[in-house]
Amino acid sequence: MFVRFLRLSGFKSFADPTLLEFVRGVNVIVGPNGSGKSNIADALGWVLGSQAPSSMRGASMEDVIFAGSEERPRLGIAEVDLTLDNSTRILPLDV
């Protein structure tokens, strides 16, 4: 089983809907400091049920919502969708 898609919208630095597609094998996320790489890891933890703000580098759960910028207002909601690929049937589910 592996992560197939991760869609972020309003989560931390991802104000606009962003779709990350992962393929089998090794996937890497690279970018300069401040580009949101660790926010992707935070989004994975959040969508899998992490509820401790400290585990997502925040003081409160409101910190996961896009806080706004000079060009954009603060958003009122954050959304993360995770799609898992179970085509190898590592989990015996008929879905």
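These legends walk through several close-up views of one predicted model.

**View 1. The whole chain, with one helix and three strands.**
Start with the full picture before zooming in. Going along from the N terminus, the elements come in the order β-β-α-β. Strand E1 covers 2-9 and strand E2 covers 18-21, helix H1 takes in residues 37-47, and strand E3 spans 79-85. Lined up along the principal axes, the C-alpha atoms fill a box of roughly 45 × 25 × 20 Å. The chain has 95 residues, and 24% of them are buried. Its accessible surface adds up to about 6,400 Å², with 58% of that belonging to carbon and sulfur atoms. Take the contacts with a separation of 6 or more: 53% of them join residues 24 or more positions apart. As for charge, the chain carries 9 positive and 11 negative charges, and the mean positions of the two sets sit 5 Å apart.

**View 2. The largest nonpolar core, built from twelve residues.**
Now look at who gets together on the inside. The members are Leu6, Leu8, Phe11, Phe14, Phe22, Ile40, Ala43, Met56, Val64, Ile65, Ala78 and Val80. Two elements, E1 and H1, each give two or more residues to this core. Grouping of this kind fits a general trend, because nonpolar side chains tend to be buried together in soluble globular proteins. Zoom in on Leu8 and you'll find that, leaving out residues up to four places away in sequence, Leu8 touches Phe14, Asp16, Pro17, Thr18, Leu20, Ala43 and Glu79. Phe14 and Ala43 from that list are core members too.

**View 3. The one aromatic pair, Phe11 with Trp46.**
Here two rings face the spotlight. Their centres are 5.2 Å apart and their planes meet at 35 degrees, so the pair counts as tilted. To be called stacked, the planes would have to be under 30 degrees apart, and edge-to-face needs over 60. Phe11 sits in the loop between strands E1 and E2 while Trp46 belongs to helix H1, so the pair ties together parts that are 35 residues apart in sequence. Are the two partners buried or partly exposed? Phe11 is buried, with a relative accessible area of 0%, whereas Trp46 is partly exposed at 23%.

**View 4. Phe14 and Ala15, neighbours in the loop between E1 and E2.**
Both residues are tucked away: Phe14 is buried at 12% relative accessibility, and Ala15 is buried at 11%. Which residues does Phe14 touch, not counting those up to four places away in sequence? The list is Leu8, Ser9, Gly36, Asn39 and Ile40. With the same kind of neighbours left out, Ala15 touches Ser9, Gly10, Phe66, Arg72 and Leu75. Two distances help with scale. Phe14 and Glu79 are 65 residues apart in sequence but 9.9 Å apart in space, C-alpha to C-alpha. Ala15 and Thr88 are 73 residues apart along the chain, and their C-alpha atoms are separated by 34 Å.

**View 5. Ser9 in strand E1 and Asn39 in helix H1.**
Next up are two residues that are not on the core list. Where does the relative accessible area put Ser9, buried or exposed? Ser9 is buried, at 17%, and since buried means under 20%, that value makes the cut. Setting aside neighbours within four places in sequence, Ser9 is in contact with Phe14, Ala15, Asp16, Pro17, Ile77, Ala78 and Glu79. Asn39 is buried as well, with a relative accessible area of 10%. Beyond residues up to four places away in sequence, Asn39 touches Phe11, Lys12, Ser13, Phe14 and Arg57.

**View 6. Two arginines with positive phi, Arg57 and Arg89.**
Finish with the backbone. Arg57 lies in the loop between H1 and strand E3, and its phi is near 55 degrees, a positive value in a residue other than glycine. You've met Arg57 already, as one of the residues that Asn39 touches. Arg89 comes in the segment after E3. Its phi is positive too, at about 60 degrees, although Arg89 is not a glycine. At 43% relative accessibility, Arg89 counts as partly exposed.

Terms used: Residues numbered from 1 in each chain as written. Predicted model: local features only at pLDDT ≥ 70, side-chain atom pairs only at ≥ 80, totals over all residues. Heavy atoms only, no water. Phe/Tyr/Trp six-rings, centres within 6.5 Å; stacked < 30°, edge-to-face > 60°. Helix = DSSP H or I, 4+ residues; strand = E, 2+ residues; numbered from the N terminus. Buried < 20%, exposed > 50% of the residue type's maximum accessible area, 1.4 Å probe, protein only. Core = buried A, V, L, I, M, F, W, Y, C linked by side-chain atoms within 4.5 Å. Contact = heavy atoms within 4.5 Å. Areas by Shrake-Rupley, 256 points an atom, 1.4 Å probe, with all protein chains shown as cover. Lys, Arg positive; Asp, Glu negative; His and termini not counted. Charge placed at Lys NZ, Arg CZ, Asp CG, Glu CD.
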